[in-house]
Amino acid sequence: MKNNHEAEVYGVETKELTTLEEIKIYSDPYRLQILNVLNKMDRPATVKEVADKIGDVPAKVHYHMKKLERIGLVKIVSTKEINGIIAKYYEPFVGTVKIKRGADSDEPVIKELIRSETNKLLSELFDQNRDRFFKNMSQEGETTSMLTNTTLYMSEDEAREFFVELDKMLTPFKKKRGEGYDEYEFFASNVRTRKES
C-alpha cells in the first residue's frame, strides 16, 4: 500500500514531495550523490558499501541515508548479520520524483523557500550532469555525447503522459549491466514555458 505521497500514474510509481522539509532533504547534493551511487550499484547495498564508493566515512552516509529513508527515497529491503553486526541493505526509490505544492506552501515565505530549494536541486542536478558530460568528452577515444534542446507543443495531459512514456521507455535501459553495455547519463527537464489562453 502506498502512503499519501506515493501514487502510480500510467503504471509509473511517483513520489510527491509536498513540504519544504521533504524538498530540502532531497535537494541536498550529498544525498543526491548517495542516490546516484545506489542506482549505479543496481542491487541493495549497505551504508558501508555506499561510503566506500563515495570515499567517505559510514557515519556520515548513515546520517544522510536516514533522512532519505524518512521521505521514502530509500528503504531497507533486508538485513544480514556480519561479524556480530546487523548490516542493513538499502534500495533506492526507482520511480519519478515530483515536487508538488503542499497545503503549507500558500504562505508567501514558504512559497519562496520551496522555490529556492527547488532551484538548488535543479542547479545541483544540472551541475552534476554538465560535469559528467565534459568529463566524458575529454576522455580519449570515441565517445557518444549528444545534446538536444527543442520546444514541444502539447496539452497539459499530453505533457504529463509524454514524461510518463519517456520514463517507461528508459526503464529497461536502467537494468542492463555488465559486459557489452556502456554507461550513459541521461538528464531531461520538461516545463511549461507559456500557457495558451
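Start with the whole protein chain: it holds six helices and five strands. Both kinds of element are DSSP runs numbered from the N terminus, with helices being H or I runs of at least four residues and strands E runs of at least two. This is a predicted model, in which local features need pLDDT of at least 70, side-chain atom pairs count only at pLDDT 80 or more, and totals for chains, interfaces and linings use all residues. Residues are numbered from 1 along each chain as its sequence is written, and side-chain values use heavy atoms, with hydrogens and water left out.

**Stop 1: the full chain.** Trace the elements from the N terminus. Their order is β-β-α-α-α-α-β-β-β-α-α. Now show the surface. About 14100 Å² is accessible, and carbon and sulfur atoms own 52% of that. These areas come from the Shrake-Rupley method with a 1.4 Å probe; for residues, only the protein chains shown count as cover. Of the 197 residues, 27% count as buried. Buried means under 20% relative accessible area, exposed over 50%, and partly exposed in between.

**Stop 2: helices α2 and α3.** Select residues 29-41 for α2 and 47-54 for α3. Their axes, lines fitted to C-alpha atoms over the stretch in contact, come within 10 Å and cross at roughly 105°. Angles run from 0 to 180 degrees between N-to-C directions. The two helices are therefore roughly perpendicular, a label for angles of 65 to 115 degrees.

Next, show the side chains. On α2, pick Y30, Q33, I34, V37, L38 and M41; they meet E49, V50, K53 and I54 of α3. Contact here means heavy atoms within 4.5 Å. By class, this contact has seven nonpolar, one polar and two charged residues.

**Stop 3: the largest nonpolar core.** A nonpolar core is a set of buried Ala, Val, Leu, Ile, Met, Phe, Trp, Tyr and Cys residues joined through side-chain atoms within 4.5 Å. The largest one has 27 residues, and Y26, I34, V50, V61 and M65 touch the most other members. Elements giving two or more residues are α1 (20-27), α2, α3, α4 (58-70) and α5 (108-137). The largest share, seven residues, comes from α2.

Now centre on V50. What is V50 in contact with, leaving aside its neighbours within four places in sequence? Look for I34, V37, L38, M41, A45, V61 and M65.

**Stop 4: F173.** Move to helix α6, residues 156-175, and select F173. F173 counts as exposed because its relative accessibility is 57%. Finally, add E183, ten residues away along the chain; the C-alpha atoms of F173 and E183 are separated by 9.6 Å.

Conventions. Buried means under 20% relative accessible area, exposed over 50%, partly exposed in between (1.4 Å probe, protein chains only). Angles under 35 degrees count as roughly parallel, over 145 as roughly antiparallel, 65 to 115 as roughly perpendicular and the rest as oblique. Ala, Val, Leu, Ile, Met, Phe, Trp, Tyr, Cys and Pro count as nonpolar, Asp, Glu, Lys and Arg as charged, and the others, Gly among them, as polar.
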